[in-house]
Amino acid sequence: MIAGRLKGMMALVAWLPVVAWAASVSVAPADLPRGSASLVQLEAELERLSAGREPLRLIGDAQAPSYRDADDLEQGLCGERDPFVHLPDDLARGTALRHIAIVGPAAQAQRAAELLAERAAARNITLSLHPPRRDAIAEIAAADVALILALPELDAAAQRDWFAALTDAGVPGVALSDPAQVEHGALLSLPGAVDEAAWLRRLALRLDDRAAGRPVEPLDAWPTQGREWLNLATARALGWSPDFALLTRARLVEASREAAAAEAPQAGTLSLEQAVALALSDNLSLEIARHEVDTEALAEDQARSRWRPNLYLEATGRQIDEQRAALGLGQQPERRATAGVTLEQLLFSEPALAALAVNASLDRVRRAELEVESLDLALDTAREFLDALRLDAQLEVLREDLELVDANLRQAERREAAGAAGREQRLRFESERAQARERLEQAQAQREQLRLALNRRLGRAPTAALRPQAPDTRRPEWLAGDERFAAAVRSPARLEEWQTRLLADALRDSRELQALAAGREAAQRELVSRRRAFWAPEVGLQLSYERELYRDGTGDSAPWESDAAVVQAGVAALDDAGVTFPETGSEAWSVGISARLPLYAGGRRSLERERSARQLESVTLREEDARQGIETQLRAASIELAAAWRRIGLRETSRDNAVAARDLVESAWREGAAEQVALLDAQASARQVQLAEVEARWQYLQSLIHLQRALGMLPGPLTPADRDRLLASSPQ
């Protein structure tokens, strides 16, 4: 399956001296990078290059001449293809490589071993050869790493199963030539693996040159990827963590056998719901918004913390002058050290109560706004996805139009050569063909630009292939195939009734209105708090305990604590009389309740109250504006949906009639019974009608996803429950 059969393919090109003029050639699918899939891609490249003339037709034939070297081994295994240079150092479970298994067809594996033998011996590495069979996995499991050659005998499904068994055995698989093996489950590919798209493009150019009779340039080397491919799912399964350098430069593949099996029925296409899911899971702006919501949620805990007690441990050392110490009677010594503990508890605070309610409301605002951002991202993704489908359909029409113009040009050339028409007819068709090619190339450029933008939104590589899967608008999940929808839009009265019911659901479930309602609650609570601030005090409880650790200097004791007998006799007499003296250096404690009400704050409270009132009025106005916007959006989307649904049938009829008229005029022109102007007018009319029919289908889908957005639903096919929600009450 590998593009390394370059010389063989060059021989194939050289084998077309006269057969190319028959515009067909037989090619063995096994000689192309991915078999029949590559044959289709090669044929598409030839069709693109052959615009304006009959493209070279490829015929898949397993009996066509085959070529042995599927890995371009004649170019050697050096540079970007040297495994000893490009294999990660820690790939062998943290130890040096000692055993490499070479897996592939016998002849190719033997040749690869010969090319690597000298370098392997210099590094004391053992090489072993194995066929790509499941019964060989047990022997391969003894190796540190498996070097995988091209596997033309195994299709994609067989490769996925084989690589899954290799991974289960704990052996890293490294693709030598075919990077697609990484998508099938191999761990890594070397930088020198083939760039399939570029190689097919080069081959198509040379086949096209041969078909057109132009000189053919040699095809002597294959284009390489220039970087590794790395399968992250396989790395996780092997328990191997690639370093940042490899992660930075490699093309990362997030694939597993289960994922590949799930995608197999789609044949590589991307459905609308898959595109929306990718955008919602990998979009960086959404991830940033989620982190911001989680961060701001801490504000609610912070507001709640004001109602928890505050505990302080204090230590104080102080020195005063001797005079003050002497006058303190032992209560204020010259030098003193104390330690204490204080407990404070808020009992009532209107701002603290308001902060709890306001932060809870603001958290609901942020979470509702995050849902709004997700819905908007999903809508933008769906809109670009449908634009890509619309351009694909337009390209198909424009290609058919170009082929038709080219056929008419050839007919005009034959008529001019036969003398049945003048030169002006040929010139007119040549001008028309140039315009047709310009239209086609312009649409192709728009499609490529849209592919880049959509891949970026989906978090994929900019050049990743984009194959959107076109939905069938006639099926019930796209609403048009549901008989209840036809009944709902049958007349203006029924449409109005349907809109009214949908509007009630939209207003009830709108994330925008939920965010604004929560914001209004926060503004109302803040205004109430500002008003209460004029009369509601802040009440708190404080408990403190203090113990003296040290005292010294003047006033370190009270006069009544003197050891003099006279003083002590006097103190005793006073004690007997009921007069007590305080002790110095004793413990002290206190319990207090405080209430504080600011009387004047420079007018700040009045200004804050006025600002809160205006903020509430602003939020209320925004809520009403959003309500009207939702109603307008829903009614406009439903009207356009009904109109587009009716347009589809009308334009299909118009298309069929215009194409039939064009065919009749073309037949008459070929017989000389119609003027060239009539033919050109008929062709232009048919082309415009075909494009209009394409536009009608995508206008219908665009209207549907806008209706889903207005109802707070993710765009995509409607489940039975969603259809019941939209149509359950529709008149029959």
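Reader: What covers the buried residues of α17?
Author: The cover includes α16, α22 (604-670) and α23 (676-710), where helices are DSSP runs of H or I with at least four residues, strands are runs of E with at least two, and both are numbered from the N terminus. This is a predicted model, in which local features need pLDDT of at least 70 and side-chain atom pairs count only at pLDDT 80 or more, while totals for chains, interfaces and linings use all residues. Residues are numbered from 1 along each chain as its sequence is written, and side-chain values use heavy atoms, with hydrogens and water left out.

Reader: And which residues of α17 are buried?
Author: Among them are Q425, R426, F429, E432, A436 and L440, and further along A443, R447 and L450; buried means under 20% relative accessible area, exposed over 50%, and partly exposed in between, with a 1.4 Å probe and protein chains only.

Reader: What is E432 in contact with, leaving aside its neighbours within four places in sequence?
Author: E432 contacts V405, R439, L680 and R687, a contact being heavy atoms within 4.5 Å. E432 sits in α17, which covers residues 423-457, and its relative accessible area is 14%, so E432 counts as buried.

Reader: How far apart are the end C-alpha atoms of α17?
Author: They are 51 Å apart, which agrees with the 51 Å that its 35 residues should span at 1.5 Å a residue, since the expected span is 1.5 Å times one less than the number of residues. Just after α17, G459 takes a positive phi of about 75 degrees.

Reader: Switching topic, which residues touch the most other members of the largest nonpolar core?
Author: In that core of 65 residues they are L479, W498, L707 and L726; a nonpolar core is a set of buried Ala, Val, Leu, Ile, Met, Phe, Trp, Tyr and Cys residues joined through side-chain atoms within 4.5 Å. Helix α16 (residues 350-417) gives the most to this core, with 15 residues.

Reader: Why does it lie between domain 2 and domain 4?
Author: Because domain 2 (275-300 + 354-458) and domain 4 (473-522 + 606-727) both give residues to this core, with bounds that come from an automatic or database domain assignment. Another core, of 27 residues, lies apart from it and includes I102 and L187.

Reader: And what order do the strands of the open sheet have?
Author: The four strands run β10-β11-β12-β13 with antiparallel pairing, where two strands pair if DSSP finds at least two bridges between them. At the edges, β10 (310-319) and β13 (588-596) each have a single partner strand, so one side of each is left without a neighbour in the sheet.
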